[in-house]
Amino acid sequence: MHPVLYMKADDKNVCAPVTYNKLQHIPVRMIVIGGSSSRDLAKELAMILECKCILASSTRFPDGECYTRIEGESLHDDVVIVQNTYPDTSIIEMLLIQDAAKRMGAKKITLVIPYFGYARQDRIFKPGEPESAKVMARHLSLACDRVITIDIHKETVLKNFKCPATDLKASGAIAEYFADKGIDIVLAPDAGAADRARDIGERMKLPYDHLEKIRISGTEVKIAPARMDCAGKNILIVDDIIATGGTILAATIQLKAAGAESVSVACTHGVFTGDSIQRLTGSQVDVLLSCNTLESKVSNISVAGTVAAELMKGKKKGLLRKF
Ligand code: R5P
């Protein structure tokens, strides 16, 4: 397969292209519906699959309640709804879009949840806490036939969906993006992301390892010195989520202190709370990128090809309607 460059949907004047492998063309009968949090990804997915894309309109009433609508007469086909569950308001919209799609005659509904929020709240730490990830998974999957997530923080959450659920990995898209960028070492900022560094390192045929992280508070972390010799090396740090940016900042400071030539950072989900993009780009981080599971000014690595390939596979297995 040959990598093909496409511009980000609706962003024709922006120079950074997104990359994915072009699928062998097979006509696909499905309709992609983009919720307000995932419009670009929905458009790009439909473009690869060469199928119809409808962007659900979404507004707020004066009291803040969500109003959404899928324009058109009827759906009467397999439907793929693309919508994040972050921020919380997107969850309500997702539930409403599912109901509208069913009423319009959707045959089978696949939810593509590029960033599944709440996956970090997968356990009860203190009595009286809810099992938040489970609550979200259960409710979101009440009216659909299949769920696809991307790099969900804890895969154990998948068993809580009330229908088949698959987690896709963004490692292929990240490895492809950085293939020609002169990277020497791939590092995860903590043990939890070690498999991701291994996957990307193996794909790029580069040495990989993980750093040791100690979380001091929600915003403060300590990173121990790397085991590998990083002096003069171009490092790629990979993680699933960047939220406050605390983890990445601490890792970068540690690596630069050890003499790293450059530090590039790639995450799947750029949550980027507060001013974290500015803090990171104004720091010792040389390159900051995320996948387009969450849209931001640095979300130039596309997972659309990965999702499209899975949907095609699903069609073969009968998870989506054959025609
Ligand atoms: C933690 O387990 C995650 O993989 C990320 O490292 C973490 O969520 C990043 O958070 P922050 O950017 O706030 O340090």
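**View A. Aspartate 239 is bridged to cysteine 267, its partner in β16.** In this predicted model, the pairing of aspartate 239 with cysteine 267 of β16 belongs to a longer run of contacts between strands, since eight bridges join β15 to β16, which covers residues 262-270, and the two strands run parallel.

**View B. Helix α6 lies across β15 and β16.** The helix spans residues 246-257, and where it crosses these strands it runs at about 165° to β15.

**View C. Five strands with parallel pairing form an open sheet.** Read across the sheet, the strands come in the order β12-β11-β15-β16-β17. The edges are taken by β12, residues 208-210, and β17, residues 287-290, and because each of these has a single partner strand, one side of each is left without a neighbour in the sheet. From one strand to the next, the twist averages 20°.

**View D. Alanine 226 sits in the loop that lies between β14 and β15.** The loop is framed by β14 at residues 221-223 and by β15 at residues 234-242. Is alanine 226 buried or exposed within its surroundings? Alanine 226 counts as buried, because it has 20 C-beta neighbours inside 10 Å, and a residue with 20 or more such neighbours meets the cut-off for that class.

**View E. Alanine 226 is in contact with residues from elsewhere in the sequence.** When neighbours within four places in sequence are left aside, the contacts of alanine 226 are Leu187, Asp209, Leu211, Gln254, Leu255 and Ala258. Histidine 210, which is 16 residues apart from alanine 226 in sequence, is 7.7 Å apart from it in space, taken from C-alpha to C-alpha.

Conventions
Residues numbered from 1 in each chain as written. Predicted model: local features only at pLDDT ≥ 70, side-chain atom pairs only at ≥ 80, totals over all residues. Helix = DSSP H or I, 4+ residues; strand = E, 2+ residues; numbered from the N terminus. Buried ≥ 20, exposed ≤ 12 C-beta atoms within 10 Å, placed from the backbone. Contact = placed C-beta atoms within 7 Å. Pairing = 2+ DSSP bridges. Axes fitted to C-alpha atoms, helices over the stretch in contact; angles between N-to-C directions.
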